[in-house]
Amino acid sequence: MRDGERFLADGWSLTLSDAGAYATPRDIPETAEWIVAPVPGTVASALRDAKRLDAANPTSLENIDAWYQLDLTSEAVGEAVLRFAGLATITEVYFNDELILTSKTMFEAHDVPVVLTGSDRLAMCFRAIGPHLAKTGPRARWRPRMMRSQGLRLIRTTALGFMPGWCPDVVAVGPWRAISLLRTAEKARDFSIIATLEDDGTGILSVSFAASSPAPDLRLLCDGREAAFVFADGYCRAELHLPDIKPWWPQTHGEPALHDVIVSDGSGEHIIGRTGFRRIEADRGHDGNDFALRVNGEKIFCRGAVWTSADIVSLPGGRKDYEPWLKLAAEAVMNMIRIPGIAAYETGEFFQLCDELGIMVWQDLMFANFDYPANDESLLIHVKSEVEQFLNVTSASPSLAILCGGSEMFQQGAMMGLPEAKWRSALATGILAQVCREGRPDAPYVENSPSGGALPFFPNAGVAHYYGVGAYCRPLDDARRANVRFAAECLAFSNVPDTETLDHHLPVPPSHDPGWKARVPRDAGTSWDFEDVREHYLKELYGFEPSRLRYEDPERYLAFSRAATAEVVEATFAEWRRPGSSCNGALVWTLQDLLPGAGWGVIDATGRPKSTWHALKRAFRPVQVVLSDEGTNGLDVHVINDGALPRELVVELACLRDGRQPVVSGNRALTLEPRQAVTLAATDFFGAFFDTTYAYRFGPPSHEVTVARLKDTASGEIIADAFHFPLGRTRALHAAAIEASLVKNEDGGWTLQVQTDRLAQSVSISIEGFRAAETGFHLAPGAAKQLALLPLDDIDASALPSGSISALGSGLVTRF
């Protein structure tokens, strides 16, 4: 909160009416039923609080008017400004029954001057959006099937709630962002903090704000240096040059260093924000077909997921709402989050958290799939305003890495068979590009996601939405064959939550129970859903017939389902991260579910990580070892150091028979410099030929798994491991005997130590009240694995945990 700004969060009430029933607040009868309404919040969140909304089967809000009111009689008299940070979507605002604002966009903020008299009332009407969606505009050249209302192209609102099979039909209605009161004299306008990093390591900090007159003795301070503000053309401006400033890095490649921005005004020093200094460039390669990010001159492999919403019902925007999700993203070593064009702009607090956590943000502007009328001047005025406001709110955030003109607009037109001149929208290529380059020239602009190839959806150039492995059920080696350069989204599966979530929130059998299938995502108009995709890979990896397994042994079906998606994403990222890969980054679709169930999210709707999240955590390790089957060229061992420090490492490689007997083994010591990766042939470890991939087939196979371990030389700690199954995963399933013991930490918490007598695949750990830092991992004999146990909810971290451990292919359960 700025000085002098008071948020009007309490005391609001809400009543609903038929569309157009009341023209003004005066017309609302005294008999109307009012309920308490959260602000910021939505009509849906108010109904949920009143126990009148089931998010899975919501009451339609499209054809009703929603009236909010607030008594302002306690406010001091005098001039003031009412600030509306976001109103969804067709809104009228009344002050003492007089209309003071009309808004037709969810994404713009509004400042309205008023004079408080001591007997004031504020009212808002959110008019039914349904009649507006039914209106027709300029003829569209294509109609996306995924949206249930084509009128969305003419209204500035989120697509969330309008995509059957993708998300619940919860439509955004209400004051979804804060409403506040400012005294006119205290109102700060056009406040901007911009930090950039020069090639020589000098940081440049620029701060400006609108003012009516010079401010004497006003100085800008940062990193021990200062400069005076200068007044000109209605603005106070100051610029600092900071040689050798500590730069901001994504968390995988260094420290996300932030610096306080301070203003001194003679009465003292005031921290007005925090920022980081970084330089981000898009590298298109020598032929213009590549796409990679360079941060501070270093090429970065971007890995992460696509954001949906912290809560589709309330669309919250506070730090406490974002923090659980973004901290889990950081724990999984993600260095990028993409906010897609089907969602909504998040608040400055989202970006501040990403700044602190070292997570870059790919920001789509809120345009998706439609043929937007780029010549509609009334629409363009709002479009420019919303983007400029967003860029102003996030001007200080080093995490804002990519600005994108929207999602799948180019792709939709191209897939309809239209020529490039039709689908290459002037909105994305001209209007939005110009606004972004003027507002944030330090963030590269991408015209659309996907885009860049001979056709926008071809993955071998530019930015792709890659679903060869995934929705299109291609074999795992398609991840290499497709020659992906950068996947802004990929690897969508119906990811099964943990047993605890299903037991508490979806206690139905997975054998095509309607309640189960309702939570499985699907694309409109297709004859398959994303559970079919998961089951395809379950069969490919393990050889089981999923339908039979599902009805014969549902628990085993769920265990193999969790393992299948985890194995596919881990194997795919191993391919993409190896030296020599064409891929420069990939973001999984999606980070979180919107309802409990087997949705796209790698984190379920309750905030609990799924098996795929754990697989990504392994796949995203900054210091990593991966294996690749090169056929008759043998097995390659790839060792990667993304970090800022050199590493002294030892790589151990062993081929095991019966999951425990080494047939051949060896080790190599190496020093990896910062951001260095090396590739070693398996024969370099053994000193002679050995058919690690079973490509030559001279006689019966001698082993069913190869295990690589990467250790820190000084401590002996296992940093990463990797597994290769030359005969397939099913041949390497064993009835492993797993031992477990609990160790009390110095801080009072617990560590679980597990070891096995032979290879155990997809080891699953279930603990009441705790979460293991990792689960779903493969465990080889010869070394114990140490796992931190993290308390959930209000559990005392020192309480003695108890739980069970199981593995695929074994009926043995270890209890502790």
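In this short talk I will walk through several local features of the structure shown above, which is a predicted model.

Let me begin with strand S29, which covers residues 585-588, because both of its faces are covered. On one side sit Gly-585 and Leu-587, on the other side sit Ala-586 and Val-588, and all of these residues are buried. S29 has strand S22, residues 302-306, as a parallel partner, and 4 bridges join the two; within that pairing, Arg-303 stands opposite Ala-586. Strand S28, residues 486-490, also runs parallel to S29, here with 2 bridges between them, and in this case Cys-490 is the residue that stands opposite Val-588.

Cys-490 brings us to the cysteines. How many disulfides does the structure hold? The number is 0. Cys-404, for instance, is in no disulfide, and the nearest cysteine sulfur, which belongs to Cys-436, is 9.2 Å away. Cys-404 is also buried, with a relative accessibility of 0%. For Cys-490, the closest cysteine sulfur is that of Cys-583, and because the two sulfurs are 7.8 Å apart, they are too far from each other for a bond. Like the residues of S29 that I have just listed, which are buried, Cys-490 counts as buried, at 0% relative accessibility.

If we stay with S29 for a moment and look at the loop between S29 and helix H15, we find Thr-590 there. The peptide bond that leads from Trp-589 to Thr-590 is cis, with an omega near 0°. A cis peptide bond also joins Val-39 and Pro-40, where omega is about 0°, and Pro-40 has its place in the loop between strand S3, residues 35-36, and helix H1, residues 43-49. I point these bonds out because most peptide bonds are trans, and most residues other than glycine have a negative phi.

That second point leads to the backbone angles. Asn-96, which is not a glycine, has a positive phi of about 55°, and this residue is found in the loop between strand S6, residues 91-95, and strand S7, residues 98-103. Asn-96 is partly exposed, since its relative accessible area is 30%. Arg-675 is another residue other than glycine with a positive phi, in this case near 55°; its place is the loop between S33 and strand S34, the latter made up of residues 676-681. With a relative accessibility of 24%, Arg-675 counts as partly exposed.

Strand S33 itself deserves a closer look. S33 covers residues 661-672 and runs antiparallel to strand S32, residues 647-657, to which 11 bridges join it. As one pair within this arrangement, Ala-654 has Ser-665 in S33 as its bridge partner. The hairpin that S32 and S33 form has 3 residues between the strands, and there Asp-658 takes a positive phi near 55°. S32 also pairs with strand S35, residues 705-712, in the antiparallel sense and over 8 bridges, and in that pairing Leu-656 stands opposite Val-705.

Let me turn now to the second largest pocket, which holds about 990 Å³ of space. Which of its 35 lining residues are closest to the centre? They are Ala-571, Leu-627, Asp-629, His-724 and Arg-729. Several elements each supply at least two residues of the lining, among them helix H14, residues 554-577, helix H15, residues 611-619, strand S30, residues 623-629, strand S36, residues 718-724, and strand S41. By class, the lining divides into 14 nonpolar, 9 polar and 12 charged residues.

Finally, S41 takes us to Ala-773, which lies in the loop between strand S40, residues 770-772, and S41, residues 777-779. Is Ala-773 buried or exposed? Ala-773 is buried, because its relative accessible area is 15%, and the cut-off for buried is under 20%. Leaving aside residues up to four places away in sequence, Ala-773 touches Glu-331, Trp-613, His-614, Lys-617, Ala-788 and Leu-790. Ala-195, by contrast, is 36 Å from Ala-773 in space, C-alpha to C-alpha, and 578 residues from it in sequence.

Definitions and conventions. Residues are numbered from 1 along each chain as its sequence is written. This is a predicted model: local features need pLDDT of at least 70, side-chain atom pairs count only at pLDDT 80 or more; totals for chains, interfaces and linings use all residues. Side-chain values use heavy atoms; hydrogens and water are left out. Two strands pair if DSSP finds at least two bridges between them. Buried means under 20% relative accessible area, exposed over 50%, partly exposed in between (1.4 Å probe, protein chains only). Contact means heavy atoms within 4.5 Å. On a 1 Å grid over the protein atoms alone, a cavity is a set of points where a 1.4 Å probe fits but cannot get out, and a pocket is an open set with protein on both sides within 12 Å along at least five of seven lines; lining residues have an atom within 4 Å of a point. Grid points are joined across faces, edges and corners, and a volume is the space filled by probe spheres set on the points. Ala, Val, Leu, Ile, Met, Phe, Trp, Tyr, Cys and Pro count as nonpolar, Asp, Glu, Lys and Arg as charged, and the others, Gly among them, as polar. A disulfide is a pair of cysteine sulfur atoms within 2.5 Å.
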